[in-house]
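Work through the exercises below with the sequence and the structure open. Try each task before reading its solution.

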Amino acid sequence: MIAILLAFSDEKTQSKYEQIYAKYAGILYRITKSILKEEHLAQDALQDCFIKVFLNLNRIGEIDSYRTKAYLTAIAKTAAIDIYRKEKKIWDVTESEEIS
């Protein structure tokens with residue numbers, strides 16, 4: 001998160017990002033945890049989510065709007081599902097190696 005904060009071009013943009021993080025990090029973590037069931041994977045998904053938020057901050061208008069919450073929720077779900085799929089492939093490979 002520190003590297004992201006250093007990358008902002010101005011204080012207004014940084015403040016917007018920090019407000020989004022403060023408001024939505026808990027909600028988005030619960031979403032990722034409900035999908036992944038493991039804390040470290042949920043934290044990885046949350047980090048991926050906020051990297052995507054940083055890259056698409058210009059798409060976010062009003063921080064408190066339903067549209068923003070829906071957008072962030074979609075990003076979090078996608079990040080969690082991507083990690084789930086990646087982990088599933090690892091588990092499948094590990095299981096097939098054990099059978100051989």
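The model is predicted.

**Exercise 1. Place Thr68 in the fold and decide whether it is buried or exposed.**

Solution.
- Step 1: Find the element. Thr68 is part of helix H4, which covers residues 66-99.
- Step 2: Apply the cut-off. Buried means under 20% relative accessible area. Thr68 has 4% relative accessibility, so it counts as buried.
- Step 3: List the partners, leaving aside neighbours within four places in sequence. Thr68 is in contact with Tyr24, Ile60, Gly61, Glu62 and Ile63.

**Exercise 2. Describe the overall make-up of the protein: which elements does it have, and in what order?**

Solution.
- Step 1: Count the elements. There are 4 helices and 0 strands, and from the N terminus the order reads α-α-α-α.
- Step 2: Look at burial. Of the 100 residues in the protein, 29% are buried.
- Step 3: Look at the surface. About 6,900 Å² is exposed, and carbon and sulfur atoms supply 53% of that area.
- Step 4: Look at the range of the contacts. Among contacts with a separation of 6 or more, 63% join residues 24 or more positions apart.

**Exercise 3. Find how many salt bridges the structure holds, and say which parts of the chain are tied together.**

Solution.
- Step 1: Count. The structure holds 1 salt bridge.
- Step 2: Name the pair. Asp64 pairs with Lys23, and their closest N and O atoms are 3.5 Å apart.
- Step 3: Place both residues. Asp64 sits in the loop between helix H3 (39-55) and H4, while Lys23 belongs to helix H2 (residues 11-36), so the bridge ties together parts that are 41 residues apart in sequence.
- Step 4: Check accessibility. Asp64 has a relative accessible area of 54% and is exposed, whereas Lys23, at 40%, is partly exposed.

**Exercise 4. Describe how H2 and H3 cross.**

Solution.
- Step 1: Choose the quantities. Two packed helices are described by the angle between their axes and by the distance between those axes.
- Step 2: Read them off. The axes of H2 and H3 come within 9 Å and cross at roughly 140°.
- Step 3: Classify the angle. This makes H2 oblique to H3.
- Step 4: Give the hand and the residues. The crossing of H2 and H3 is right-handed. Residues of H2 that make the contact include Tyr17, Ile20, Tyr21 and Leu28, and those of H3 include Leu41, Ala45, Cys49 and Phe50.

**Exercise 5. Decide whether Ala45 is buried or exposed, and state which residues it touches.**

Solution.
- Step 1: Locate the residue. Ala45 lies in helix H3.
- Step 2: Check accessibility. Ala45 has 0% relative accessibility and therefore counts as buried.
- Step 3: List the contacts, not counting residues up to four places away in sequence. Ala45 touches Thr32, Leu36, Ala79, Ala80 and Ile83.
- Step 4: Compare sequence with space. Ala45 and Ile81 are 36 residues apart in sequence, and their C-alpha atoms are 8.6 Å apart.

**Exercise 6. State what is notable about the phi of Lys37, and where Lys37 lies.**

Solution.
- Step 1: Recall the general rule. Most residues other than glycine have a negative phi.
- Step 2: Read the value. Lys37 is not a glycine, yet its phi is positive, at about 70°.
- Step 3: Place the residue. Lys37 is in the loop between H2 and H3.
- Step 4: Check accessibility. With a relative accessible area of 62%, Lys37 is exposed.

Definitions and conventions. Residues numbered from 1 in each chain as written. Predicted model: local features only at pLDDT ≥ 70, side-chain atom pairs only at ≥ 80, totals over all residues. Heavy atoms only, no water. Helix = DSSP H or I, 4+ residues; strand = E, 2+ residues; numbered from the N terminus. Buried < 20%, exposed > 50% of the residue type's maximum accessible area, 1.4 Å probe, protein only. Contact = heavy atoms within 4.5 Å. Areas by Shrake-Rupley, 256 points an atom, 1.4 Å probe, with all protein chains shown as cover. Salt bridge = Lys/Arg side-chain N within 4 Å of Asp/Glu carboxyl O. Axes fitted to C-alpha atoms, helices over the stretch in contact; angles between N-to-C directions. Parallel < 35°, antiparallel > 145°, perpendicular 65-115°, else oblique. Left-handed = near helix turned anticlockwise from the far one by under 90°.
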